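Student: Could you take me through the ligand site in this one? I'd like a close look at that single part and what surrounds it.

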Amino acid sequence: MKWDKRHIISIKDFSREEIDYVLKKSVEMEERLDHEKTSTLMKNKILANLFFEPSTRTRMSFEAAMKKLGGVTIGFDYPEISSETKGETIIDTVRIASGYSDVVVIRNPVEGSARLASENSEVPVINGGDGSNQHPTQTLLDLYTIKKEFKKIDGLDICIVGDLKYGRTVHSLTNALENYDVDLCFISPQELKMPRTIVKDLEDKGIKIKESGKLNVKDSDVIYVTRIQKERFPDPQEYERVKDAFVLDLQALEGLKDEAIIMHPLPRVTEISTEIDGTKYARYFQQAKNGIPVRMALLCLVSRIDF
Ligand code: CP
């Protein structure tokens with residue numbers, strides 16, 4: 001497995017063996033979170049967080065992960081305080097940041113921007129989300145959460161609900177699930193169906209897929225809900241038409257499997273009723289917390305630091 005100066009740009013760049021290896025190392029990292037040596041693994045190392053789009057979880061958990069490893073962070077949380085406002089290109093910004101740091105995390109609204117950044121960086125680049133395209137570290141923590149709950153991924157019935165057209169987390173996740181023996185159900189408004197290229201890739205891999213416009217989740221082990229991605233709609237009226245298409249509430253959970261879990265990459269708007277937060281099914285806050293050991297493991301892996 002090649003980790004030397006490895007960038008993390010798309011989950012499609014990972015084989016199943018590599019995904020499973022990251023999940024295994026994330027378990028090891030979680031087990032040693034409180035070890036004294038863990039807090040020195042990235043001593044004297046610098047993480048540059050380049051966030052051209054808003055973020056709560058990705059930015060904060062990478063920052064927390066780096067600090068828990070003994071490193072420090074630099075960067076910007078929104079582009080208005082960077083020299084992008086003076087016309088600096090992403091290529092130049094990354095060239096500069098990679099000269100100041102050991103790892104770069106970038107979030108940018110333009111699809112392909114993380115790949116472009118990696119091609120112009122002296123150090124590993126991690127994609128923190130590029131438009132509607134990919135969010136590979138979210139996928140790794142999603143898979144980590146699923147495996148932690150069920151001790152497996154193969155054999156599960158996974159239902160993905162919401163904005164399947166613009167949601168990068170669901171694009172990454174389904175790309176990764178191509179590697180596993182799962183049954184998938186996609187539930188969305190007609191206008192927000194999963195892109196046909198992704199569906200075709202899954203079918204070519206022999207994955208069983210159902211697509212539906214009805215919120216029926218009773219057969220699912222994992223219900224993965226996503227927000228309607230308001231910021232990606234070219235037409236605000238189209239967003240208004242679909243924004244409340246699906247709301248998972250207590251009534252929608254009637255008949256749900258006992259062991260089922262509900263996930264969401266967050267942020268949530270209205271698509272999961274807050275009355276679900278206290279049920280035994282809700283895993284979305286734990287899921288976000290799982291970002292810490294997974295991102296700690298990834299920072300060490302791309303930096304070739306053994307643990
Ligand atoms: N899941 C996720 O990417 O959340 P943020 O947008 O808050 O980083």
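Tutor: Sure, let's start with one contact: a polar side-chain atom of Arg57 lies 2.9 Å from an oxygen atom of the ligand. Keep in mind that this is a predicted model. On the nitrogen side of things, a ligand nitrogen is 3.0 Å from an N or O atom in the side chain of Gln138. Leu266 joins in through its backbone, with an N or O atom 3.1 Å from a nitrogen atom of the ligand. As for cover, the ligand on its own has 250 Å² of accessible area, and the protein covers 92% of that.

Now zoom out a bit to the whole shell. Arg57, Gln138 and Leu266 are among the residues around the ligand, and the others are Ser55, Thr56, Thr58, Arg107, His135 and Pro265. By character, that shell splits into five polar, two charged and two nonpolar residues. The spot they surround belongs to the largest pocket, which is where the ligand sits.

So where is that in the overall fold? The chain is divided into domain 1 (11-132 + 291-302) and domain 2 (136-288). Both domain 1 and domain 2 give residues to the shell, so the ligand lies between them. The centres of the two domains, taken over C-alpha atoms, are 25 Å apart. The domains also touch each other: 28 residues of domain 1 are in contact with 28 residues of domain 2.

How values were computed
Residues are numbered from 1 along each chain as its sequence is written. This is a predicted model: local features need pLDDT of at least 70, side-chain atom pairs count only at pLDDT 80 or more; totals for chains, interfaces and linings use all residues. Side-chain values use heavy atoms; hydrogens and water are left out. A residue is near a molecule or strand if one of its heavy atoms lies within 4 Å of it. A polar contact is a pair of N or O atoms within 3.5 Å; within protein, one must be able to donate a hydrogen and the other to accept it, and residues adjacent in sequence count only if both atoms are side-chain atoms. Accessible areas come from the Shrake-Rupley method with a 1.4 Å probe; for residues, only the protein chains shown count as cover. On a 1 Å grid over the protein atoms alone, a cavity is a set of points where a 1.4 Å probe fits but cannot get out, and a pocket is an open set with protein on both sides within 12 Å along at least five of seven lines; lining residues have an atom within 4 Å of a point. A molecule sits in a cavity or pocket if more than half of its atoms lie within 2 Å of its grid points. Ala, Val, Leu, Ile, Met, Phe, Trp, Tyr, Cys and Pro count as nonpolar, Asp, Glu, Lys and Arg as charged, and the others, Gly among them, as polar. Domain bounds come from an automatic or database domain assignment. Contact means heavy atoms within 4.5 Å.
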